[in-house]
Amino acid sequence: MKTPIRFIIIDDDSTNNLLCGIMIEAAAGESRIDDFRHPEKGLEYIKEQYSSGTHPTILFLDINMPTCSGWEFLDLFEKLDEKIKDQFKIYMLSSSLNPGDQQRALENENVVDYLEKPLSESTVLSILNSQNGLT
Amino acid sequence: MIENDANSENDLSATAEKLVYNVIPGPAASKDLITTKALRILHLEDLPADALLVAKALKKAGFVFEELVVETRERFIDALKNFSPDVILADHSLPSFNSAEALEIFQGTGLKIPFILLTAAMSEEFAVGILRKGAEDYILKDRLNRLPNAILSALEKFRLQKERQEYLNELIIREKRFHALVDNGADAVAILDAKGRPVYVSSSVKRILGYTEEELMNIDLFTISHPDDTAALGDVMQQVMANPGIAITGHTGRMLHKDGSWRWIEATVTNLLHDPAINGIVDNFRDVTERKIAEEKIIHANRLYAFISQVNQTIVYSRDEKTVFKDACEIAIVYGKFKAAWIGMFNTEKQLISLVESCGVGPRYNALFTNVHYGKDGPQYCVLKNEISFVSNDIQNDQQLSDWKKLAASVGIGSIMVLPIKKLGVIIGTFNLYATEAGFFNSKEISLLEETARNISFALDILEKERYKLLADEKLAISELSLKQAQAIAHLGSWELNYSTGMATLSDEQLTIFGLNIEEKIQSVESLLSFIHPEDLEYVLSMMEEAKTGLNNLNFYHRIARRDGAVRYLYTQTRPRLNNEGAPTGLHGVSWDMTETRKSERALRESESNLHAIFENTSEGFILTDNTGIVKSFNNKSKEIISLNTGKELSVGVSLFDFIHPSRKDHYNDVIKKVLSGETLRYDYPYTHLNGEIKWFDYRIDPVYVSGEITGLSITSTDITERKQGEQLLQRSESNLNAIIENTDAFIYSLDREFRYITFNSALRNMMKELYGVTIKPGYQVFDFITEFEPGRVQEWQDVYSRALNGDIIKFEKEFFADNNYSYTSFSIHPIWENKRVIGLSCFVHDITQEKKAEEETRFKANLLNTIGQAAIATDMLGKVNYWNKAAEVIYGWTNEEAIGKNIKDLILSHQTKDSGTHIIEELKSGHSWSGEYIVQRKDGKAFPVFVSDSPIYDHNKNVSGIIGISSDITEKKKLENHLDKVNQLARIGSWEIDVAKKSLFWSAITKHTHGVPEDFVPDLETVIGLYKEGHSRASISHALNEAVENGIAFDLELQIITPKGDERWVRANGEAEFVRNKCVRVYGSCQDIDKSKKAELEILKVYEEKNIILESIGDAFFAVDKSWIVTYWNNQAEKMLQTPKKKILGKNLWSVFTGQENSVSYQQYHLAILTRQLTCFKDYYTSLNKWFEINAYPSENGLSVFFKDITQQKKSEDEREKMTADLLQRNTVLEQFSYIISHNLRAPVANIMGLSYTLQKKDLNDILKEKVTASLSSSAIKLDEVIKDLNEILNVRQELNEHTQVVNFARLLHNIRLSIDSLIVSKEAIITADFSAVEEMLTIKSYLHSIFYNIISNSLKYSRADIPPVISIKTQLFNNKIVLSFKDNGLGIDLQKRGDEIFGLYKRFHANKAEGKGMGLYMVKAQVEMMGGKISVSSEVNNGTEFKIDFEIRQQQL
């Protein structure tokens, strides 16, 4: 690991965000974790923080959110600078069992994988491992 | 630690320095003691030297220390308190007290530091004693080198002791915490030994299973495991034993609660037998019964909905019963998760049921269900009898199924359900579902399965109806086909010609006759006429013209030439088609291809015997030649004619040209050429015989056909000399008559029906000119004259002329006063008859003033009479002749002298007519005139016919004084009449005449021939009437004759006779009566053989009738209209279906009967059909009849033919089916929503619970985090519960359709809702206005309407703008038969463009900051509105409010 990996969680469900925090910490130790209950704010944050510098970040993104769904978020994300986008590995994290959702997630080139809730420690570990392998 | 201890033991002899580094590598605390912090030593010693010695030794060993030496008891106690030593060194013997005492004091302080005894000498016994008392070590003063090590090891020992103690304390705390956790947490913990017996249970177990710890310790877990789960539990335990140290998670099974209920337990089991600290199997378990039930409910719901949805899809897409059955069985297994399913059909007569489709039954058992008798108590009988489904949830204990028990147990069936399957309302079979579990069919399952069975039954109805419809269609097709075939068999084509378009439409057979293709169905008249044989074209055109102008039904023969050159002979009958104003719009025709008939006729003509008969029995000459003009055959008559005309002998083998005058040969060549090309030629030609007599002949040259080819000529010659002479005579007599008229002083004129002059003689013209100065001309109105010169007499004259027009002959005399003179004039006005109709009047007027004035004048008059060609004879009342003119002398042979004074009877009346003559005289005496034909005789006794006009002669007193008779010889005229008879003969028209007085009957030769009687047949009325076919024909002719005789009614009948030979044939007989003095004297008329044409006509009529029968008997309504929408045909079914009787519509404009249809589908489609000339098929709803029709409109050249099919039933089924499909689609949407809820809203909290519980189990969490986790756990559980409740609510809405309706007052409803959310309204300062004036109440389901109001209003309050108080206005409107309910607010609004399609979706939320919304309200509103048959729509703008509109059909309200 060259640079410590950061984490962003976008989900309107605070419980999920809490759980994700716990699991990430358990698997990756002390890390920088930001969670957003409003995708719009998450996006704003990304624009502000990632336009300079390089911070490899894993982003867990929920699908079903009231004001802006995960899909809409992805559409907005797509419009960002390549430089910003390159810093992210996006994982859809949803409780949906709808195969359509999964397929749609995997078809999106910005999405690495589709994860079913709840996020577990081992999942985070394997994400990290693959991340290491990649970097 | 142990290893380290061993090391230090081994290195005890090593140097102190080394010790410092080597001995204390472990805890940082010891290291600190030596390296960073001085060791504090309390030294109890009374000898300073010894103390110094000790310090020296320690320093030498490298100790950094602080030393306090005390020697008294008091100082020692003080030092213990204040010095806080790390170690105590004590000399044994001290002046004031000893070491034992010191130890005691030290121990009293509770300090945990080493106490080492330093002594000079010591007994072993004492040493052991003091060590036992608590000293750490003892050192002999002479062996001080051991001291540093002793101190170090003691310190180390104490450090370890202290550490252990701390650790212990920690442990105790942890233990307490752990207990608190396990005892108070949701989970219970049990530790089992290797045999599975509990060695430890947490107290929380009581909450889960109800047992106390003590009770549970004595229970083998396997004994309280559910029998069904024991096997699985055993497996899990084996797995646990095989995987020490690994947590086996997720095992669930049922355990017996102390209260006897079964609880679902989820356990995480870890084998820690190898861990000496635990030496057991840790079973961490929790009660998941609630979750399990929820999951099962969902699985159950999913399974059922999948089952129903699949069955419904099958129903929608299947085309036949078998597929429905087969699929239903398969779906039951695959989606319904049933063990087995089968469908059986009843044979109720034999009380049998037979399996038709199955799944999961297995071939072995199929036989069991084939033609099996169903018992009186069995489920099949129950279903059949009670018409409800049968359910047994416990086969083993069901009395009704006792026979079944064994089999059910062996194949593992616990529950059974038998559902009725109906077709058209009758149970025809059952749908049998078998489930493994007992108690499988709960009430919800039963109701849904029953719905499925009803759906299947409904599908069968639809399929059955579809089958009927196909059969009906097929039948119609057959009817149409047979009509076509009928035409084809009769070789009878039909066609319709439309005058306005000039286009004709041909029937299929007509096309065949013309040799045309089906695409050429519609032809222009020109194109059609191009097929007419060129020689017949003019004739056909004239016929068509007559049909069009004369509006007659015409029958005629003609030929056509097909494209391939073939000539066909057609018999065509036409009927004009008229519009309602009687103007011709077209021509309808039927053509009969009689080429074959014609051919056979020709063949007949070829037959030798017939030819011979014709040859020898005719007055006509016949010659047959080959196509070069060589004579092949001839008859005697022709030989005679040729011989007379040319003086040459006719014989076989000579050429016709031998008889032709050289000057006519070229002409003859042309004639023969024409005939050989198929023409028939006819001409008249005069020959001058050798005796100088001129003879006229009629020649007719026909082509002779053999097998359709012209092989020669036939020449027919007839002597028409007499006819020619007759014609000449006629011409001559006409000019005579003209001379008479012109040379009389009488005014002779004729008038037409409008009393205009047609002709008049010069006498009249001159008189008018001279007397009145009027120049009359043909066309001059006689009343114009009268009005001008005799205005007062107009009426009188009108009466006179009108009477004459009615058929009376009117004769009278008139006195005129002019120029102071009286003049007398005699008028004779005769009606002119033509075709039994008076077409005008002929008037004879002469001045009789002179006769009246003087006797002498009479003579002058008599002389005058002498000049005319007619005999004029006057007698007195007794018949004595007193005047006899010149013409009378000529006609009767008696001279004036001979005749005067004789009685007229003796002079001219023949023997036969004497009596009637007397009678006429009697009539004349009473003032009547008489005219007519009469047989008289000449002086030489020869009888001959005359035309006589007898009039009475009046004296001055106007008494009859005598008779004047004008008579003319009409022998020639009679001859002409005879000739006319001959002409009739040519036309094969026979004549007949009945002499009423004599009751005798005359038949002409043709009449006899027509009736099939020999020429010598003597007809009498009785025999003749007997020839007419019994029944209609005989009755008609008797009646007609009677009417003619009695009332003078003419007749014209087509009747059937049976000839003496037994042939049946049609004849046309017409007749009229002649009346003399109101008495019928004679009935006469003609008759004609019309057998062939009549039969053809009947054949056509028959075909027409067949067509009509078909049209009348088809189950569809049919009508036809012409181009101007006049209804020309309207069948029985149309009467019924359209509820309009024929008499009300036939001949009328369709749209004048069906008014106000301009916007109807039918109106537009009919016009479209005519416009595009294409068949249109469409469906239309007739509101007034409350019926749906499928309508086929066929445009033709004449108009439109329309078929109606009543599809109301079908449409209803279709609508029902559509509704069902829509329901299904909706249900599918609901199912999708379901899966959505399951995947997200249900699973999200479950996922959270899973994650949180895992965290709780595994993680060392700090208290804050732990609190957060447990709080989240509980909120997730609450969320899960809410979703399950929501689900329940949604399912209920879908099912509560049958909830009763009631009248709900909107204002009251709103009032109640206001009360229930009063606090919210007050806190928001909301204003709610309502206007229910348009509709105050409606019939509906109250709870639904309440929910709708509640949800929409609370939504408006929830999503109101922060800056202004919410205003909600509610109102009702009545619009287009709908109640429109609208809710309008001024709230946040929704971006409909972005999210419009989701607004009524389940769990859709639009406002992130509004935590209370969960996306149920509008979903429920929409569901409820739709359940009540309404529609909801929304319009909204962000930050500008939202308006909901709900439409309810009024019809719905009237239910």
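Two strands are said to pair if DSSP finds at least two bridges between them, and this definition underlies the views that follow, which are taken from a predicted model.

**View 1. An open sheet of 6 strands in chain B.** Read across the sheet, the strands of chain B follow the order E13-E12-E11-E16-E15-E14, and their pairing is antiparallel. The edges of this sheet are formed by strand E13, residues 372-373, and strand E14, residues 390-392, both of chain B, and each of these pairs on one side only.

**View 2. The edge strand E14 of chain B beside E15.** Here strand E14 of chain B is shown with strand E15 of chain B, residues 415-423, to which E14 is joined in the antiparallel sense over 3 bridges. To find a place where the two strands meet, the reader may look for B:Ser392, whose bridge partner in E15 of chain B is B:Ile416.

**View 3. The hairpin of strands E35 and E36 in chain B.** Strand E35, residues 930-937, and strand E36, residues 943-954, both of chain B, pair in the antiparallel sense over 8 bridges. Within this pairing, B:Val936 stands opposite B:Phe944, a residue of E36 of chain B. The hairpin has 5 residues between its strands, and in this hairpin B:Gly941 takes a positive phi near 90°.

**View 4. Chain A as a whole.** Before the last close-up, it helps to see the chain to which it belongs: chain A contains 6 helices and 5 strands, and when these are read along the sequence they follow the pattern β-α-β-α-β-α-α-β-α-β-α. Chain A has 135 residues, of which 56% count as buried, and the chain exposes about 6,200 Å², with carbon and sulfur atoms supplying 46% of that area. Among the contacts in chain A between residues at least 6 apart in sequence, 67% join residues that are at least 24 apart.

**View 5. The surroundings of A:Gln87 in chain A.** The residue A:Gln87 is found in the loop between helix H4, residues 82-85, and strand E4, residues 88-94, of chain A. Because its relative accessible area is 8%, and buried means under 20%, A:Gln87 counts as buried. When its neighbours within four places in sequence are left aside, A:Gln87 is in contact with A:Tyr50, A:Gly53, A:Thr54, A:His55, A:Pro56 and A:Thr57. For A:His55, a distance can be given as well, since a polar atom of the side chain of A:Gln87 lies 3.0 Å from the backbone nitrogen of A:His55.

Methods: Residues numbered from 1 in each chain as written. Chains lettered and ligands numbered in written order. Predicted model: local features only at pLDDT ≥ 70, side-chain atom pairs only at ≥ 80, totals over all residues. Heavy atoms only, no water. Helix = DSSP H or I, 4+ residues; strand = E, 2+ residues; numbered from the N terminus. Buried < 20%, exposed > 50% of the residue type's maximum accessible area, 1.4 Å probe, protein only. Contact = heavy atoms within 4.5 Å. Areas by Shrake-Rupley, 256 points an atom, 1.4 Å probe, with all protein chains shown as cover. Polar contact = N/O pair within 3.5 Å; in protein donor to acceptor, adjacent residues only side chain to side chain.
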